[in-house]
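I opened a new notebook page for this model. The entries below follow the order in which I looked things up.

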There are 2 protein chains.
Amino acid sequence: MLLRIDPASSVPIFEQLAASVRAELARGGLRAGERLPGARDVAAALEINIHTVLKAYQSLRDEGLVDLRRGRGAVIAEGAALAPELLEAVRELVGEARRRGVGAGTLVALITEEYTR
Amino acid sequence: MLLRIDPASSVPIFEQLAASVRAELARGGLRAGERLPGARDVAAALEINIHTVLKAYQSLRDEGLVDLRRGRGAVIAEGAALAPELLEAVRELVGEARRRGVGAGTLVALITEEYTR
DNA sequence: AAAGTTGTGCTATTACAAATAGAACAATAG
DNA sequence: CTATTGTTCTATTTGTAATAGCACAACTTT
């Protein structure tokens with residue numbers, strides 16, 4: 001299954017779903033035009049509510065990563081490919097932070113702080 | 001004021017407070033032994049509840065960034081300095097993401113995704 | 001054209017976290 | 001001793017996540 005969730009995590013389910021799509025996108029496992037599984041299927045497979053899945057899809061749409069159309073489903077948007085270099089940079093940064101004992105919260109705080117400058 | 005918040009943000013206030021301290025720490029504007037403003041003062045200045053401020057301070061304590069003692073207040077912990085290399089890496093990553101039109105949300109999602117692997 | 005699929009929109013409920021409020025308390029500083 | 005400052009407790013309000021069910025609109029398939 002492309003979409004994964006960890007029910008024990010404190011991260012909202014819809015965020016986890018969106019994150020797994022982003023990660024797959026960054027890895028090159030998804031390309032423009034490809035279709036994501038229908039919200040009803042995902043909801044049934046993961047035993048969650050369809051609205052939760054749709055909320056994840058709508059987040060991805062708001063980011064411009066997928067197109068949503070009734071009858072057709074969720075399709076990876078044109079130009080939605082995340083650069084592998086970016087993913088590589090993320091891996092390095094996380095590794096660096098781990099080695100220094102810097103937690104995820106701290107790292108995210110630094111990122112958002114830098115972003116809003 | 002060292003601690004800043006954006007009441008309009010969806011990020012919890014206590015998270016924003018902690019983030020601003022982390023950022024100041026990363027910039028070198030705070031050093032071990034320095035004292036953060038008392039929770040009651042911060043609460044009054046920002047017109048928020050003292051418990052919200054204390055929750056931020058306690059988060060920072062849980063990360064080992066500050067020491068909390070009654071009567072004395074919140075003091076930057078020994079060895080709390082964040083490595084400049086890490087900050088540099090963050091700057092580069094954010095710049096890279098910006099150039100590619102990757103939003104803060106996506107970037108944060110990639111980071112947390114990589115962290116929980 | 002008809003039938004089936006899929007996202008959209010709506011109301012409603014439950015569960016949980018954030019933030020607020022007020023009070024009493026314990027440890028430290030002066 | 002007194003003032004300061006974080007700790008702990010109970011309680012309430014508010015907002016978001018997640019669930020549930022239904023009707024509907026747009027698109028695809030036959």
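What pattern does chain A follow, read along the sequence? I read α-α-α-β-β-α-α. I worked on a predicted model, where local features need pLDDT of at least 70, side-chain atom pairs count only at pLDDT 80 or more, and totals for chains, interfaces and linings use all residues. Residues are numbered from 1 along each chain as its sequence is written, and chains are lettered from A and ligands numbered from 1 in the order in which they are written.

**Entry 1. Chain A**

I listed five helices and two strands in chain A; helices (H or I, at least four residues) and strands (E, at least two) are DSSP runs numbered from the N terminus. I noted the extent of the C-alpha trace of chain A along its principal axes as about 50 × 35 × 25 Å. The domain assignment splits chain A into domain 1 (13-76) and domain 2 (84-115), with bounds that come from an automatic or database assignment. I found 25 Å between the C-alpha centres of these two domains of chain A.

**Entry 2. α2 against α3 in chain A**

I looked up the packing of α2(A), residues 39-46, on α3(A): the axes come within 8 Å and cross at roughly 125 degrees. Axes here are lines fitted to C-alpha atoms, for helices over the stretch in contact, and angles run from 0 to 180 degrees between N-to-C directions. The angle therefore makes α2(A) oblique to α3(A); under 35 degrees counts as roughly parallel, over 145 as roughly antiparallel, 65 to 115 as roughly perpendicular and the rest as oblique. I recorded the crossing of α2(A) and α3(A) as right-handed (the near helix is turned clockwise from the far one by less than a right angle; anticlockwise would be left-handed). From α2(A) the contact takes A:A39, A:R40, A:V42 and A:A43, and from α3(A) A:I50, A:V53, A:L54 and A:Y57. By class I have seven nonpolar, no polar and one charged residue in this contact of α2(A) with α3(A). Ala, Val, Leu, Ile, Met, Phe, Trp, Tyr, Cys and Pro count as nonpolar, Asp, Glu, Lys and Arg as charged, and the others, Gly among them, as polar.

**Entry 3. Chain A with chain B**

How many residues of chain B are in contact with chain A? I have 32 residues of chain B against 31 of chain A, where contact means C-beta atoms, placed from the backbone, within 7 Å. On the chain B side, α1 (13-27), α4 (84-99) and α5 (104-115) each give two or more residues. The largest share there, twelve residues, belongs to α5(B). I sorted that side of chain B into 21 nonpolar, four polar and seven charged residues.

Next I took α4(A), residues 84-99, with α4(B): the axes come within 10 Å and cross at roughly 160 degrees. So α4(A) is roughly antiparallel to α4(B), and their crossing is left-handed. A:L86, A:A89, A:V90, A:L93, A:E96 and A:A97 meet B:L86, B:A89, B:V90, B:L93, B:E96 and B:A97. The contact of α4(A) with α4(B) holds ten nonpolar, no polar and two charged residues.

I then checked α1(A) on α5(B), and found an angle of about 90 degrees with axes 9 Å apart. That makes α1(A) roughly perpendicular to α5(B). Here A:A18, A:A19, A:R22, A:A23 and A:A26 meet B:T106, B:A109, B:L110, B:T112 and B:E113. I classed the residues of this contact of α1(A) with α5(B) as six nonpolar, two polar and two charged.

**Entry 4. The DNA strands**

Which residues come closest to DNA strand C? Of the 22 that surround strand C, I noted A:A39, A:R70, B:I13, B:N49 and B:G71 as the closest; a residue is near a strand if its C-beta atom, placed from the backbone, lies within 6 Å of it. α3(A) gives the most to this surface near strand C, with three residues. The classes near strand C are eight nonpolar, nine polar and five charged.

For DNA strand D I have 21 residues, with A:I13, A:N49, A:G71, B:A39 and B:R70 nearest. Two or more residues come from each of α1 (13-27) and α3 (50-62) of chain A and α2 (39-46), α3 (50-62) and β2 (73-76) of chain B. The surface near strand D divides into eight nonpolar, eight polar and five charged residues.

How values were computed:
Contact = placed C-beta atoms within 7 Å.
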